[in-house]
Amino acid sequence: MLQVDLRELARGPVETQGQFTGSDPLFEGLDVVLAEPVRVAGRLHAAGEGRFYWRASLNTRMAGQCRRCLAPVPVPVAATIDALFSADPDALEDPSSYPLAPDATEIDLRPAVREELLLAVPRWVVCRDDCRGLCPRCGNDLNAGPCGCPPAVDQRWKGLAGLQDKLRD
Ligand SMILES: [Zn+2]
Ligand SMILES: [Zn+2]
């Protein structure tokens with residue numbers, strides 16, 4: 001459970017564990033397709049008046065897509081969450097801190113899961129570093145070999161290429 005009762009925390013650190021499928025409403029609006037549930041495990045403890053630290057690991061696998069050839073690419077996603085939940089507005093300048101209502105009776109850790117997942121997923125996915133991508137003309141996957149389209153010609157050589165075409169005719 002990732003909603004922790006403050007009375008439980010008053011007795012000592014609380015082990016936290018949770019799992020969220022990709023279709024969980026928590027991830028609504030995130031432009032991320034998950035191939036596996038997000039698993040979270042960590043420990044929440046009090047750190048002074050109205051302050052609570054949560055340290056947890058986050059693991060999942062994203063159903064990525066190569067930006068060049070559009071092939072599906074499974075991408076492991078792993079992150080360490082270091083979050084501060086605080087009722088003190090001054091503490092919230094830190095991007096990894098989350099507000100806690102002064103009259104809160106529990107801490108909801110889920111917003112931190114959403115945020116950290118968003119930070120952990122790569123924006124740029126390629127199937128391999130030397131992926132040749134798709135031909136901009138015919139759309140064939142160039143990793144499978146040349147497609148037969150004439151090579152793209154650098155502007156400087158266009159005149160020369162035109163001349164060669166004329167000679168060939
Ligand atoms: Zn690719
Ligand atoms: Zn082509």
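**View 1. Arginine 39 and its partner across the β3/β4 ladder.** Arginine 39 stands opposite asparagine 59 in β4. This is a predicted model, so treat each view as a look at computed coordinates. β3 and β4 run antiparallel, and eight bridges hook them together. The hairpin they form has four residues between the strands, and within that hairpin glycine 48 adopts a positive phi near 100°.

**View 2. Alanine 47, in the loop between β3 and β4.** Zoom in on the loop that links these two strands and you'll find alanine 47. Is alanine 47 buried or exposed? Neither, quite: 13 other C-beta atoms lie within 10 Å, so alanine 47 counts as partly exposed. Leaving out residues up to four places away in sequence, alanine 47 touches Phe52 and Tyr53. Leucine 84 sits 37 residues away along the chain, yet the C-alpha atoms of alanine 47 and leucine 84 are separated by 9.2 Å.

**View 3. The β4/β5 hairpin.** Here 15 bridges join β4 to β5, and the two strands run antiparallel. One pair to look for is leucine 58, which stands opposite alanine 79 in β5. Between the strands of this hairpin there are six residues, and leucine 70 is the one to check on a Ramachandran plot, with a positive phi near 70° in this hairpin.

**View 4. The five-stranded sheet and its edges.** Pull back a little and the strands line up as an open sheet in the order β2-β3-β4-β5-β6, with mixed pairing. Which strands sit at the edges? They are β2 (14–20) and β6 (97–99), each of which pairs on one side only. On average, neighbouring strands of the sheet are turned by 25° against each other, direction ignored. Over at the β6 edge, three bridges connect β6 to β5 (residues 72–86), and this pair runs parallel. Serine 86 has proline 99 in β6 as its bridge partner.

**View 5. Helix α2 laid across the sheet.** Helix α2, spanning residues 110–120, lies across β2, β3 (38–46), β4 (51–65), β5 and β6, and runs at about 135° to β5. Its buried residues are Ala112, Val113, Glu116 and Leu117. They fall on the same side of α2 because they cover an arc of only 130° around the axis. The cover over the buried residues of α2 includes β2, β3, β4, β5 and β6. For a single contact point, try alanine 112: not counting residues up to four places away in sequence, alanine 112 touches Trp54, Ile81, Ala83 and Tyr98.

**View 6. The largest nonpolar core.** In soluble globular proteins, nonpolar side chains tend to be buried together. In this model, the largest nonpolar core has 22 residues, and those touching the most other members are Val38, Trp54, Leu58, Phe85, Leu109, Ala112 and Val113. At least two residues of this core come from each of β3, β4, β5 and α2. Which strand gives the most to the core? That's β4, with five residues.

**View 7. The whole chain, for orientation.** Zoomed right out, the protein has three helices and seven strands, and along the sequence they follow the pattern β-α-β-β-β-β-β-β-α-α. Of the 169 residues in the protein, 17% are buried. Among contacts in the protein with a separation of 6 or more, 54% are between residues 24 or more positions apart.

Conventions. Residues numbered from 1 in each chain as written. Chains lettered and ligands numbered in written order. Predicted model: local features only at pLDDT ≥ 70, side-chain atom pairs only at ≥ 80, totals over all residues. Pairing = 2+ DSSP bridges. Axes fitted to C-alpha atoms, helices over the stretch in contact; angles between N-to-C directions. Contact = placed C-beta atoms within 7 Å. Buried ≥ 20, exposed ≤ 12 C-beta atoms within 10 Å, placed from the backbone. Arc of directions from axis to C-beta. Core = buried A, V, L, I, M, F, W, Y, C linked by C-beta atoms within 7 Å.
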